[in-house]
Amino acid sequence: MALLRIEDLNIDYMTLRGRLRAVKNASLTLGEGEWLSIVGESGSGKSTLAMAIPGLLLPPGRITSGRIIFQGRDLTGMSGDELRRIRGSEIGVVFQDPLTSLDPLRTIGDQMVEAIMEHRAAGSKREALEMASAALESVGIPGNRVKYYPHQLSGGQRQRVMIAMAVMLKPRLLIADEPTTALDVIVQASIMRLLKSLQRKMGMSIILITHDIALAAEVSDRIAVMYAAEIVEEGPAEQVIEEPLHPYTEALIKSTPDLWREKTLYSIPGNPPDLRNPPSGCRFHPRCHKAFEPCKSREPRPTRIRDRMVACHLYG
Amino acid sequence: MAGLARYLLLRALLIIPTVLILYTLVFVIMRVIPGDPVQAALGTRYVPPEQLELLRERHGLNDPLYVQYFEYLAGVVRFDFGESLVIEGRKIADDIKDRFPATLELTIASFIVSVGIGMATGILAAVRRGSKLDTAMRVYSIVAYTLFIPWLGSILIMIFSLWLGLLPTHGRLDPRISLEHKTGLYVLDAILTQNWVALKDALAHLVLPALTLGIVLSGAYTRLVRANLSEALVSDFVRAYRARGVRERRILLHALRNSLIPVVTMMGLQMAILLGGAVLTETTFSWPGMGSYLLEKVEARDYTAVQGVVVFFSFMVGLISLIVDAIYALIDPRIRY
């Protein structure tokens with residue numbers, strides 16, 4: 001059985017200038033121990049989709065329809081407190097900016113112990129502190145750093161601390177929202193290696209949100225590509241990278257810089273659409289070089305091709 | 001903790017130059033103002049020139065300026081601010097000892113009221129941001145902030161003293177009640193001497209002035225707490241707390257602590273201003289504090305008294321800023337210079 005199944009999920013932001021659909025009819029399945037990367041540009045809805053899973057949408061964001069089935073239970077129907085119990089214990093989250101994601105006024109240990117005690121995962125504060133320092137050791141930070149304040153650690157160390165906090169209660173699912181965007185390339189690589197090894201050791205599933213399709217290609221089992229609030233393609237990582245089906249995926253891969261290829265960097269013509277007023281038909285058609293008649297008028301339906309999915313008129 | 005101790009010691013030492021600069025300023029200003037202080041203090045009364053000369057000599061006004069400067073400074077170190085120009089032989093330090101406790105008592109009471117109301121309304125507004133309650137709190141803050149103290153004081157006196165007859169209209173204590181003055185803070189004195197009749201009466205006298213001043217000052221806190229807390233509540237670390245499954249009530253406390261630095265800053269500023277005497281409140285309620293004292297002395301052109309009060313006040317400002325710095329350091333571990 002799948003660990004997580006998202007079915008026809010719609011997420012709206014109620015803004016002063018009207019309703020904005022940030023995620024449209026999203027469906028995804030994630031198996032136990034699987035690594036899924038959701039790739040897309042800024043504003044494509046990838047973070048919104050991922051944050052909706054543990055109930056961390058920022059207002060005025062709201063799930064308007066659809067289901068999120070996690071370990072057989074629908075998270076969309078849960079009360080705030082039921083969701084809270086799942087967050088941190090069964091689903092861990094790592095955020096983009098480790099510099100601002102830790103409370104600057106409290107020690108690392110205090111923040112970890114608090115979460116452990118909230119989930120009653122330890123009998124005493126002392127036991128919780130031992131768990132916290134063990135969790136730090138597991139991400140390569142000396143256990144005595146529990147006494148440190150966030151400002152006494154570097155950016156990379158802080159992201160390791162965030163990861164330790166996210167996995168210390170052995171969650172089944174880890175959501176990492178652009179965990180390396182705020183860090184330099186060398187640290188980036190070590191953080192990705194850390195996530196990979198933790199995944200293997202603990203057998204948890206990972207959802208990685210990233211705009212970097214090359215990074216996704218290296219680490220993922222599966223890749224989902226989002227464009228303008230929709231999942232346009234999804235499938236096994238190798239296949240999606242080697243032979244992309246959707247013209248957007250293809251363009252995204254082409255616009256990745258490559259040190260060994262001497263040529264100017266490709267860029268997709270035009271800009272992502274305004275989600276308050278998306279283009280008719282296929283949302284990508286104004287920027288697509290393969291667009292033909294039906295693309296302008298009809299929305300493409302998601303089509304299954306073996307264990308891949310694509311939403312494009314070329315295939316349906 | 002060694003870092004913290006060193007930091008506080010440095011801050012404490014900084015009070016000295018602060019006071020020195022203020023004292024020098026006051027000293028210079030007093031000497032630059034045109035007119036002879038002795039003549040001004042005596043007003044239009046005719047005094048023979050020999051006697052004027054005698055008074056000048058007595059107050060050291062004939063000495064060279066640098067002698068005056070250092071002699072006064074030597075007095076200040078011993079808490080001696082000289083003698084009144086108007087009332088023969090009256091020591092300014094004694095006046096301050098008489099009046100300051102009244103101001104301190106009113107300051108503490110109105111501080112509790114303003115911070116209490118301001119924090120409560122500000123937190124409510126921030127937590128329910130965008131709701132009707134939020135709007136109500138914001139309207140409250142503006143109204144409170146713009147109220148005129150004598151007007152609000154008179155209204156409260158009218159309701160609670162004249163109509164309901166619950167509270168006294170003015171003063172600090174019913175003159176028929178005797179109370180041994182140990183600290184000059186009547187509430188504290190009454191508790192120390194276990195004089196419960198006096199305690200009840202002193203508190204009753206304190207309610208209206210404290211409420212008047214407290215309400216007017218609370219408006220600024222409402223706005224400040226609302227603005228800073230609602231910003232903290234949408235910050236990344238709050239979302240991270242949520243992601244770890246921490247309860248909302250605990251998250252609110254952590255966010256509040258993070259939004260407290262600017263609030264503590266304002267508390268310090270307000271406290272310092274209040275210790276200088278709340279003139280309007282003191283005159284409305286005939287409260288014998290520093291504010292009304294300074295007003296009397298300025299009117300009487302008692303130069304040494306004014307100078308003494310300002311120097312004393314600069315000590316208070318220095319002391320308050322030291323306390324504020326200590327609180328900063330307690331709140332935020334990053335503050336250790």
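## A tour of the predicted complex, from the domains of chain A to a helix of chain B

Select the two domains of chain A to begin, and note that their C-alpha centres lie 29 Å apart. Everything on this tour belongs to a predicted model, for which the predictor reports an ipTM of 0.92 and a pTM of 0.86 for the complex. In the domain assignment of chain A, domain 1 is made of two stretches, 4-90 and 171-315, while domain 2 covers 101-169.

**Where the domains of chain A meet**

Show the contacts between the two domains, and you will find that 13 residues of domain 1 of chain A touch 12 residues of domain 2 of chain A. On the domain 1 side, the element to colour is helix α6 (residues 185-202) of chain A, which gives the most to that side, with 6 residues. Sorted by class, this side of domain 1 has 11 nonpolar and 2 polar residues, and no charged residues.

**The open sheet of chain A**

Next, select strands β2, β1, β4 and β5 of chain A, which in that order form an open sheet of 4 strands with antiparallel pairing. The edges of the sheet are β2 (18-30) and β5 (73-74) of chain A, each of which pairs on one side only. Strand β1 (residues 4-15) of chain A runs antiparallel to β2(A), and the two are paired over 9 bridges. To see one position in this pairing, display A:M14, which stands opposite A:R19 in β2(A). In general, strands of a sheet pair through backbone hydrogen bonds, whether parallel or antiparallel.

**Strands β9, β10 and β12 of chain A**

Move on to strand β9 (residues 222-227) of chain A and pick out A:M226, which lies within this strand. Is A:M226 buried or exposed? A:M226 counts as buried because 26 other C-beta atoms lie within 10 Å, where 20 or more are needed for that label. Leaving aside residues up to four places away in sequence, A:M226 touches A:I38, A:G40, A:S44, A:G45, A:K46, A:I231 and A:V232. For a distance to check in the viewer, take the C-alpha atoms of A:M226 and A:L36, which are 190 residues apart along the chain and are separated by 13 Å.

From β9(A), follow the chain into its partner β10(A), to which β9(A) is joined by 6 bridges in the antiparallel sense. One of the positions to display is A:Y227, whose bridge partner in β10(A) is A:E230. The hairpin of β9(A) and β10(A) has 2 residues between the strands, and in this hairpin A:A228 takes a positive phi near 45 degrees.

Now colour strand β10 (residues 230-236) of chain A by burial, and the strand appears mostly covered, with 6 of its 7 residues buried. β10(A) also runs antiparallel to strand β12 (residues 308-310) of chain A, and 2 bridges join them. There, A:E234 stands opposite A:M309 in β12(A).

**Where chain A meets chain B**

Bring chain B into view and select the contact between the chains, which takes 23 residues from chain A and 18 residues from chain B. On the side of chain A, the elements that give two or more residues are α2 (80-86) and α3 (108-118) of chain A, and α3(A) gives the most, with 3 residues. By class, the residues on this side of chain A divide into 10 nonpolar, 6 polar and 7 charged.

**Chain B and its helix α10**

With chain B alone on display, you should be able to find 15 helices and 0 strands, in a C-alpha trace that spans about 85 × 55 × 40 Å along its principal axes. Of the 337 residues in chain B, 37% are buried. The mean pLDDT of chain B is 89, and 99% of its residues reach 70 or more.

The last selection is helix α10 (residues 236-243) of chain B, which is mostly covered, as 6 of its 8 residues are buried. Which residues of α10(B) are buried? They are B:F237, B:V238, B:A240, B:Y241, B:R242 and B:A243. What covers them includes α9 (196-233) and α11 (248-258) of chain B together with β6 (91-94) of chain A, and it is therefore worth keeping both chains visible for this view, since the cover includes elements of chain A and chain B. End the tour just after α10(B), at B:G245, which takes a positive phi of about 80 degrees.

Notes:
Residues are numbered from 1 along each chain as its sequence is written. Chains are lettered from A and ligands numbered from 1 in the order in which they are written. This is a predicted model: local features need pLDDT of at least 70, side-chain atom pairs count only at pLDDT 80 or more; totals for chains, interfaces and linings use all residues. A residue is buried if 20 or more other C-beta atoms lie within 10 Å of its own, exposed if 12 or fewer, and partly exposed in between; C-beta atoms are placed from the backbone. pLDDT is the predictor's confidence in each residue, from 0 to 100. Domain bounds come from an automatic or database domain assignment. Two residues are in contact if their C-beta atoms, placed from the backbone, lie within 7 Å. Ala, Val, Leu, Ile, Met, Phe, Trp, Tyr, Cys and Pro count as nonpolar, Asp, Glu, Lys and Arg as charged, and the others, Gly among them, as polar. Two strands pair if DSSP finds at least two bridges between them.
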